[in-house]
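Morning, everyone. Please pull up the sequence and the structure, and follow along with me.

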Amino acid sequence: MKFRKEKYEEKELIWTLKKKKGERAADGMNWQYQSSADKLNDELTAENIVGIINLGIEFDFEYIPQENDFLVLKFEYTNPELKNKRRPFINYYTSFLYNNGKWNINEGFDHIHYDFIEFKSGIIKYAPQHHI
């Protein structure tokens with residue numbers, strides 16, 4: 001099989017919706033947290049995304065946002081393995097917290113004070129804009 005770079009680089013845009021479980025308890029561990037990025041690429045900035053999701057997100061399941069819901073968007077490789085070796089993790093994401101009746105950009109480490117459980121996840125149909 002011939003190597004095709006475009007297949008190797010192909011990614012999916014994954015969303016994960018999480019519900020607040022409770023306050024994060026001090027466990028004596030010294031965690032190093034990763035902050036939410038302000039963009040996934042030039043088109044998918046946190047500012048653009050929050051504007052869109054606050055117009056109303058259509059999920060394919062019953063869902064009404066609740067205070068402190070946490071929405072994470074990230075890219076993952078569609079082919080996570082190459083020649084039986086695991087691909088490197090794409091180590092950034094952008095995220096949003098639902099507070100005061102709207103989605104807000106997760107500024108840095110806003111999410112670290114709570115424990116969350118995954119509620120639902122899926123793939124966003126995303127077609128990058130190509131400029132000719």
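Which residues is T94 in contact with, leaving aside its neighbours within four places in sequence? Find T94 in strand β5. The contacts are S36, A37, L40, A46, I49, L71, V72 and L73.

Before we go on, a word of caution. This is a predicted model. The mean pLDDT of the chain is 79, and 74% of its residues reach 70 or more. Among the elements, β6 has the highest mean pLDDT, at 94. Helix α1, residues 5-9, has the lowest, at 69.

Back to T94. Is T94 buried or exposed? The cut-off for buried is under 20% relative accessible area. T94 has 0% relative accessibility, so T94 counts as buried. The side chain of T94 also has a polar partner. One of its polar atoms lies 2.9 Å from the backbone oxygen of A37.

Now look at S95, also a residue of strand β5. S95 is at 0% relative accessibility, and therefore counts as buried too. Its side chain makes a polar contact of 2.8 Å with the side chain of N106. N106 is also on the list of residues that S95 touches beyond four places in sequence. That list includes S36, F70, L71 and V72 as well.

Next, the sheet. How many strands form it, and in what order? Five strands, and the order is β6-β5-β2-β1-β7. The sheet is open, and the pairing is antiparallel. Now check the edges. β6 and β7 each have a single partner strand, so one side of each is left without a neighbour in the sheet. From one strand to the next, the twist averages 30 degrees.

Let's walk through some of the pairs. Strand β1, residues 11-23, pairs with β7 over 10 bridges. There, G22 stands opposite D115 in β7. β1 also pairs with β2, over eight bridges. W15 has L73 in β2 as its bridge partner. Then β2 pairs with β5 over four bridges. In that pairing, L71 has F96 as its partner in β5.

Stay on β2 for a moment. Six of its eight residues are buried, so to speak of it as mostly covered is fair by the cut-off of under 20%. One residue to find in β2 is K74. K74 touches E12, L13, I14, L40, Y92 and Y93, not counting residues up to four places away in sequence. The side chains of K74 and E76 are joined by a polar contact of 3.3 Å. How far apart are K74 and S95? In sequence, 21 residues; in space, 8.7 Å from C-alpha to C-alpha.

Last stop, helix α2, residues 46-53. Which of its residues are buried? They are A46, I49, V50 and I53. Why do they line one face of the helix? Seen down the axis of α2, these buried residues fall within an arc of 95 degrees, so one face holds them. What covers them? The cover includes β2, β5 and β6. Two of the residues we just named, A46 and I49, are among the contacts of T94 in our opening list. Now turn the helix around. The face of α2 turned away from the buried side carries the exposed residues E47 and I52.

That's my tour. Over to you.

Terms used
Residues numbered from 1 in each chain as written. Predicted model: local features only at pLDDT ≥ 70, side-chain atom pairs only at ≥ 80, totals over all residues. Heavy atoms only, no water. Buried < 20%, exposed > 50% of the residue type's maximum accessible area, 1.4 Å probe, protein only. Helix = DSSP H or I, 4+ residues; strand = E, 2+ residues; numbered from the N terminus. Arc of directions from axis to C-beta. Contact = heavy atoms within 4.5 Å. Pairing = 2+ DSSP bridges. Axes fitted to C-alpha atoms, helices over the stretch in contact; angles between N-to-C directions. Polar contact = N/O pair within 3.5 Å; in protein donor to acceptor, adjacent residues only side chain to side chain. pLDDT = per-residue confidence, 0-100.
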